[in-house]
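Two people talk through a protein–DNA model. What can be read from the contacts? The structure comes first.

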Protein chains: 2
Amino acid sequence: MDTTDRNAAPDSPLGLRERKKAATREAVHRAALRLTVEHGLDQVTVEAIADEAGVSRRTFSNYFATKEDAVLWGEEQQAATLLRSVAERPAGEPPWTALRAALRTLEPGPVSPDRETITRTRLALRHPSLLGRQLATHAGLEQDLARVLTGRGVEPRRSRVLAAAFLASLRTTMRTWVESEHPAELLDLADEVLRLMSLPFDEAPRGDRQA
Amino acid sequence: MDTTDRNAAPDSPLGLRERKKAATREAVHRAALRLTVEHGLDQVTVEAIADEAGVSRRTFSNYFATKEDAVLWGEEQQAATLLRSVAERPAGEPPWTALRAALRTLEPGPVSPDRETITRTRLALRHPSLLGRQLATHAGLEQDLARVLTGRGVEPRRSRVLAAAFLASLRTTMRTWVESEHPAELLDLADEVLRLMSLPFDEAPRGDRQA
DNA sequence: TGCGCAGTGTGCAAGTTTGCACACTGCGCA
DNA sequence: TGCGCAGTGTGCAAACTTGCACACTGCGCA
């Protein structure tokens, strides 16, 4: 049906069926994001999103329960990807290093972490209903991250602290990014914030608290 | 799924389902044409066409019985469109005028009559199996055209002559076009050929034989 | 000649999308 | 207050696609 190429990379181990499902979900998500940015969440109907995505209203419901779900799907997607990436870091790697490294792997995901993440964040700041969900997702991710770190041998309480610090850094990064309209790479900015977070709080920024 | 827009024109009275079917058929046809041009008909497998079009091998078979069918579908499509256009010309219009006018309506069809028609024609000239089918389609069209003209009140034998002359003109046009690699508009060239066809054969090109 | 193999056509079950019907909600308005 | 109406969620049947199995053909090669 698609008139343009969606083949390109023959590297996918997934079957045609699964690739098309992913593409549909992705298309609906992008349509939701696009229309919400343009008209505001309340002015956008499920039907409009479905039309924009090229699917029926019924199919929209097959993928997402609500508009908010569709808009924020990338959020959960990124969370899941990040979680997986951390879990897949080499076993011996110190936790903070693993977290920073995992962040780098977000790039090639189905959702580009630059334009789209900032769009979602701005939408969340504008729409309370989105913000709540976004924070909830973040909170869930924090729990999961801590669990993963514990699974890697980190002491439980320390895992929670690290996960909290890491996500707090990301929120700080996003806040800075959104406010400054900075053209810098999001991931570079995040790296800098993470570095600052890892320094001793009461000393001049020279030592390294990590590991 | 498709990641690019295939909505654009909301003018379609067709439902989503039919539009997607048409898009799939179109995509398979284009894929077949593209690959055949690139590698030659014999080097192209049904599976490769299906992949290129983004559908399964089974789905290819749901739309076309053979590779040749897929490549030449535009041919039959154009024939059907032309036939419909002639039938829809105003009742009082003289037959030759109606034929010329109908030809003009081919443009907005799903198959652009320029780049794609010439491609098909060249392929047909290169592949005997395609040529046979193309000629068969043409022959069928000639019958149908004559029938339509008769339906418009033209005397049967005259209908057949007119249809034959018209299609002969089109073949001549295509031959000229293909050989000259002419940058002129295909339809303009066709018009000129049709004008020549309508002139008295044994006189200087001044009088007008039509109607 | 016979074997293996790529390509093809087709039946069938399972998965996906569509279209439609119906119920329900929230909101403006008489 | 009650009515109408747009938007939404969901069940269901029909339509479409996929994946797989199986049979068949044509071709190269031992």
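The exchange below covers the two DNA surfaces and one helix pair of this predicted model.

Colleague: Which helix gives the most to the surface near DNA strand D?

Modeller: Five helices each supply at least two residues there: H1, H2 and H3 of chain A with H1 and H3 of chain B. The top contribution is 5 residues. It comes from H3(B).

Colleague: What share of the atoms of DNA strand D within 4 Å of the protein belongs to sugar or phosphate?

Modeller: 24 residues surround this strand, with A:Lys20, A:Val46, A:Arg58, B:Thr59 and B:Tyr63 the closest. Bases make up the rest of the strand atoms within 4 Å. The sugar or phosphate share is 53%.

Colleague: Which residue has a polar side-chain atom 3.1 Å from a base nitrogen of DNA strand D?

Modeller: Set the phosphate contacts aside. A:Val46 uses a polar backbone atom, 2.8 Å from a phosphate oxygen of strand D. B:Lys21 uses its side chain, 3.4 Å from a phosphate oxygen of that strand. The base nitrogen is met by A:Arg57.

Colleague: How many charged residues are in the surface near DNA strand D?

Modeller: That surface holds 5 nonpolar and 9 polar residues. The charged residues number 10.

Colleague: Turn to DNA strand C. Which helix supplies the largest share of the surface there?

Modeller: The nearest of the 24 residues around strand C are A:Thr59, A:Tyr63, B:Arg17, B:Lys20 and B:Arg58. H1 and H3 of chain A, and H1, H2 and H3 of chain B, each supply at least two residues. The largest share, 5 residues, is from H3(A).

Colleague: How far is the polar side-chain atom of B:Arg57 from a base nitrogen of DNA strand C?

Modeller: Phosphate oxygens of strand C have backbone partners. B:Leu16 places a backbone N or O atom 2.9 Å from one, and B:Val46 has a polar backbone atom at 2.9 Å from one. For the B:Arg57 side chain and the base nitrogen, the distance is 3.1 Å.

Colleague: Why is H1(B) called oblique to H6(B)?

Modeller: The axes of H1(B) and H6(B) are 11 Å apart. The two helices pack at about 55°. That angle falls between the 35 degree limit for roughly parallel and the 65 degree start of roughly perpendicular, so H1(B) counts as oblique to H6(B).

Colleague: Is the crossing of H1(B) and H6(B) left-handed or right-handed?

Modeller: H1(B) brings B:His29, B:Arg30, B:Leu33, B:Thr36 and B:Val37 to the contact, and H6(B) brings B:Glu116, B:Thr119, B:Arg120 and B:Leu123. These residues divide into 3 nonpolar, 3 polar and 3 charged. The crossing is left-handed.

Terms used
Residues are numbered from 1 along each chain as its sequence is written. Chains are lettered from A and ligands numbered from 1 in the order in which they are written. This is a predicted model: local features need pLDDT of at least 70, side-chain atom pairs count only at pLDDT 80 or more; totals for chains, interfaces and linings use all residues. Side-chain values use heavy atoms; hydrogens and water are left out. A residue is near a molecule or strand if one of its heavy atoms lies within 4 Å of it. A polar contact is a pair of N or O atoms within 3.5 Å; within protein, one must be able to donate a hydrogen and the other to accept it, and residues adjacent in sequence count only if both atoms are side-chain atoms. Helices (H or I, at least four residues) and strands (E, at least two) are DSSP runs, numbered from the N terminus. Ala, Val, Leu, Ile, Met, Phe, Trp, Tyr, Cys and Pro count as nonpolar, Asp, Glu, Lys and Arg as charged, and the others, Gly among them, as polar. Axes are lines fitted to C-alpha atoms, for helices over the stretch in contact, and angles run from 0 to 180 degrees between N-to-C directions. Angles under 35 degrees count as roughly parallel, over 145 as roughly antiparallel, 65 to 115 as roughly perpendicular and the rest as oblique. A crossing is left-handed if the near helix is turned anticlockwise from the far one by less than a right angle, and right-handed if clockwise. Contact means heavy atoms within 4.5 Å.
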